[in-house]
Amino acid sequence: RRLLAIRRNLEWGIVVKDPESAVRRDFKGIETWPIDPKWRIEATWEPYPADRQLMVTTAQGTHETLTSPGAARFQMNGVPVVLEAILEQPGASQVLFVFTDATSGKTSSSGGRFLYADLPRDGKIVLDFNRAHNPPSGFSSHATAPLPPYRNRMKVAVEAGEKKFGGEVKSSFATRH
């Protein structure tokens, strides 16, 4: 087994990973929608002030304050969309978009999906929804992944990327300190 210490806000936790677990061994993968070029979107980048913070709720019901360097603006099926980005660490080469859409809770994860994108260039950012994937909370009830900020709850259906995980992975225990 491998132990990993994690910190979420002011609390510490231990993640136990077992590379030989039956859950890992028997994992069959996650179903995805077929790759479609229409889901690769060049959006306009709206930069925020360098110190812009975004308060998000996590899958555990806690709150985290994260840095938001800006937002992507685009249209999807004729509907205007604005998605706020998260910068996970200073100097990162990508930003994270956490979003829900009309497929959430039906054919995709109810807690939303993650989409990483390279930093914007020349006022544009490329969002390839074919790469959208389930957050850790889509696999474990103990994950502390951020939930989508309010602006990142799209009304349109994004039938791209990973679908909802069909199984359920439960942690054998959780310890709080």
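This briefing covers a four-stranded sheet, a pocket and the aromatic pairs of one structure. The model is predicted. The sheet is open, with strands in the order S7-S6-S3-S10. Strand S10 also gives the most residues to the lining of the second largest pocket, and aromatic pairs bring in residues from the segment after S10.

**The sheet**

- Strands of a sheet pair through backbone hydrogen bonds, in either a parallel or an antiparallel way.
- In the sheet S7-S6-S3-S10 the pairing is antiparallel.
- Its edge strands are S7, residues 79–84, and S10, residues 124–128, and each of them pairs on one side only.
- On average, neighbouring strands of this sheet are turned by 35 degrees against each other, with direction ignored.
- Strand S3 spans residues 40–47 and pairs with S10 in the antiparallel sense over five bridges.
- Arg-40 stands opposite Asp-128, which belongs to S10.

**The second largest pocket**

- The second largest pocket holds about 320 Å³ of space.
- Its lining is made of 16 residues, and those nearest the centre are Arg-40, Ala-117, Asp-118, Val-126 and Leu-127.
- Three elements, namely S3, S9 (residues 113–118) and S10, give two or more residues each to this lining.
- The contribution of S10 is five residues, the most from any element.
- By residue type, the lining of this pocket has eight nonpolar residues, one polar residue and seven charged residues.

**Aromatic pairs**

- The structure has three aromatic pairs by the rule used here.
- One of them joins Phe-27 and Phe-165, whose rings are tilted, with 5.8 Å centre to centre and 40 degrees between the planes.
- Phe-27 sits in the loop between helix H1 (residues 22–25) and S3, while Phe-165 sits in the segment after S10, so this pair ties together parts that are 138 residues apart in sequence.
- Phe-27 counts as partly exposed because its relative accessibility is 40%, which lies between the limits of 20% and 50%.
- Phe-165 counts as buried because its relative accessibility is 15%, which is under 20%.
- Another tilted pair is Phe-74 with Phe-129, at 6.1 Å centre to centre and 50 degrees between the planes.
- Phe-74 lies in strand S6 (residues 70–76) and Phe-129 in the segment after S10, so the pair ties together parts that are 55 residues apart in sequence.
- Phe-74 is buried, with a relative accessible area of 9%, and Phe-129 is buried too, with a value of 0%.
- Phe-74, Phe-99 and Phe-129 are linked into a cluster by ring pairs.

Note on methods. Residues are numbered from 1 along each chain as its sequence is written. This is a predicted model: local features need pLDDT of at least 70, side-chain atom pairs count only at pLDDT 80 or more; totals for chains, interfaces and linings use all residues. Side-chain values use heavy atoms; hydrogens and water are left out. Two strands pair if DSSP finds at least two bridges between them. Axes are lines fitted to C-alpha atoms, for helices over the stretch in contact, and angles run from 0 to 180 degrees between N-to-C directions. On a 1 Å grid over the protein atoms alone, a cavity is a set of points where a 1.4 Å probe fits but cannot get out, and a pocket is an open set with protein on both sides within 12 Å along at least five of seven lines; lining residues have an atom within 4 Å of a point. Grid points are joined across faces, edges and corners, and a volume is the space filled by probe spheres set on the points. Ala, Val, Leu, Ile, Met, Phe, Trp, Tyr, Cys and Pro count as nonpolar, Asp, Glu, Lys and Arg as charged, and the others, Gly among them, as polar. Rings of Phe, Tyr and Trp (its six-membered ring) pair if their centres lie within 6.5 Å; planes under 30 degrees apart count as stacked, over 60 as edge-to-face and the rest as tilted. Buried means under 20% relative accessible area, exposed over 50%, partly exposed in between (1.4 Å probe, protein chains only).
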